[in-house]
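Please look over the structure shown here before turning to the notes beneath it. They are arranged by topic, as a short briefing.

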Amino acid sequence: MKERVWIKDEGVERGAEKLTPERIEKTINAVFDNEAGARLQAYVDTCAHCGLCSDACHFFLSRDRDPRFSPVGKVKQTIWEMLDKKGKVSAEFMKQAIQVAQTECNMCRRCVQYCPFGIDIAYMMSLVRRIGHKLEITPLYIQDTAHSHSATMNQMWVKDDEWIDALLWQEDELRDEFPTGRIPLEKEGAEIMYSVIGPEPKFRTQLIYQAAAIMNEAGCDWTMPATPGWDNSDMAMYTGDSEMMGRLKRMHFDTAARLRVKKIVMGECGHAFRSVYDTGNRVLGWQMPPIQVVHALEFYWDLLNEGKIKVAKKFEEPVTFHDPCNVVRGRGLHEKARDVVRAFCSNFIEMTPNKEHNYCCAAGGGVINCGPPFKNARVESNRVKAEQLQRTGVKVCIAPCHNCHGGLEDIIHTYKLGIELKFLGEIIYDCMEKPNAV
Amino acid sequence: MQDVYLLVSGPLAWAAWTIFVLGSIYKVWSTLNTAKKKDQVLLNYVSFRYGMRSIINWSIPFNTVNMRLNPVFTGIAFFFHIAFFVLLIFVSAHQIMIEEGFGIGWFTIPDFVADILAFAVIGACIFFAVRRVMRPEVSYVTDWTDFALLALVAAPFVTGVLAYHQLGDYMLMVVLHMVSAELLLAPLTRAYIGSEFGMVRHVKDW
């Protein structure tokens, strides 16, 4: 077996210096005893050590079937050891466990579809992250993002006035093309609140423009908040900071409630959808989200089927479609997404495996957010994705998720695939009828 | 020896079944009870419909992607479980005991078929053991308990074959039959994740 590479991360190193054996033991046992209840016990008791989850994992497959990168192999290197030793593990062990849980698992849940017993390994990795959070050994870059969440209630240190400014700027731009176009701020009683992730106003403002163009041309009754609560993203969910996750989601739902909207429509982001639709609501005690949450893919499908947007021309170049785990394994939107892709693209080529069995981008689950120290390992761990993309032979890939874009960009660059990535909204904006445009 | 046989086929058999049934009930009860105290999520999301949807889909041979990916393992694993229950219920020796004890009976399989099945089950157990050693991703997560469990499962069949061929002691088989009735909890985890995937995420988990 190749020698295991343990990567040095400044945040992890600095945190680990302050650890004592007593603190580690107390923290691990507190999380296991008080937070992880029946499920952890059942999962650990039930696991037959059969290794059948291995083939599900892109880390395992990309690293030449190295057993230390299989889902159950990751559990062995983390949870099993902690349970066996009843929390009496070293700081060195914890550093390694954090690397495994925080950077070598995307929590994509593909292994759930491979385990005969339905054991949720992503859940166990999230427990390790939770322990890491309480021990303050979260990797530096993602911790910085979590700090941004707690200081500004958005992911990218965007100041309150910068947010409004970015929207007004995009509205200005919009009016060049659509003289009556608006980005309505703080419109109480609108049908839709449109929320995005921090990176959109920060460096992907054209996505706000495109969404606004689609909303305007479709005649939607929509609004965006002018206050914190506009950001639906959530890296606290991925660092095990459940308290902060709760605060973020509460503010997001509260903002929608204050604006008295009927539904929240979210931009093309996967992890944010997981947070708002699947995880954050649970932390707050709602079985399902208190306000209807609609991901962009579903929203586009609705608009298309209600005849609110129409196809003006087809995107001719051959395209493939990458299914993001959080909206496909997390919400089953793969067929709707394909309906929209086929409506707008004349030559759609499937990659395999696809739909709910698609390979992850290796960026999700907060892995790309752990930053430069882990980038090379991450790209190396997703060779199967590069091969999968290459097999399609196409030069354009639609990936309706921000994290997927980040992860796939790195893979495309490293493996020299020469593929261009697009959001689905980009194609819709380019190819739809624009009756109000000049 | 007669006394030991009577003890094992009588009170000990009752004890084993009682422990199995009560133990299973306790396991379910304690899981639910722990969930109620510390893991409310479990109770809130577990759904009969989607739980069953998942279990049924995972009970059909070659129905899941992973089963098709490992056809040999899938074939042997399904054969093993089916043969396990066929032998348990339809072997004539079992049947005689049930009829003597409870006065009820049903059809049985010929002894030579049972014999072949038992040998095949032992073969399957050997396959599982070899796989544990040979496949790196399996051997990496294997410890002695996995082999112990496998030995425990194989024991009734080995002893059954020995007893049938008059090479050993029949009572040993009975005892080990009782002990190896474990792992009933397994479907519960499938039911939970099936519920989450079906009810919340609207997607297949197989």
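The points below take up the contact between two chains, one helix of chain A and one residue of chain B.

This is a predicted model, and the values that follow are computed from it. Chain A brings 40 residues into contact with 38 residues of chain B.

**The side of chain A that touches chain B**
- Three helices of chain A, namely α3 (38-46), α5 (71-84) and α14 (271-283), each supply at least two residues of the side that touches chain B.
- The most is given by α3(A), which provides 7 residues of that side.
- Sorted by class, the side of chain A that touches chain B holds 15 polar, 14 nonpolar and 11 charged residues.

**Helix α6 of chain A**
- Helix α6 (residues 91-103) of chain A is made up of 13 residues and spans 18 Å from its first C-alpha to its last, which is close to the 18 Å expected at 1.5 Å a residue.
- Among the buried residues of α6(A) are Met94(A), Lys95(A), Ala97(A) and Ile98(A), and the list also includes Gln102(A) and Thr103(A).
- These buried residues of α6(A) pack against α1 (10-17), α2 (21-35), α5, α7 (121-134) and α18 (375-380) of chain A.

**Ile122 of chain B**
- Ile122(B) lies in helix α7 (residues 111-134) of chain B, and Ile122(B) counts as partly exposed because 16 other C-beta atoms are within 10 Å, where 20 or more would make a residue buried and 12 or fewer exposed.
- Once neighbours within four places in sequence are left aside, Ile122(B) is in contact with Ala154(B), Phe157(B) and Val158(B).
- Ile122(B) and Ala155(B), although 33 residues apart in sequence, are 8.7 Å apart in space from C-alpha to C-alpha.

Key. Residues are numbered from 1 along each chain as its sequence is written. Chains are lettered from A and ligands numbered from 1 in the order in which they are written. This is a predicted model: local features need pLDDT of at least 70, side-chain atom pairs count only at pLDDT 80 or more; totals for chains, interfaces and linings use all residues. Two residues are in contact if their C-beta atoms, placed from the backbone, lie within 7 Å. Helices (H or I, at least four residues) and strands (E, at least two) are DSSP runs, numbered from the N terminus. Ala, Val, Leu, Ile, Met, Phe, Trp, Tyr, Cys and Pro count as nonpolar, Asp, Glu, Lys and Arg as charged, and the others, Gly among them, as polar. The expected span of a helix is 1.5 Å times one less than its number of residues.
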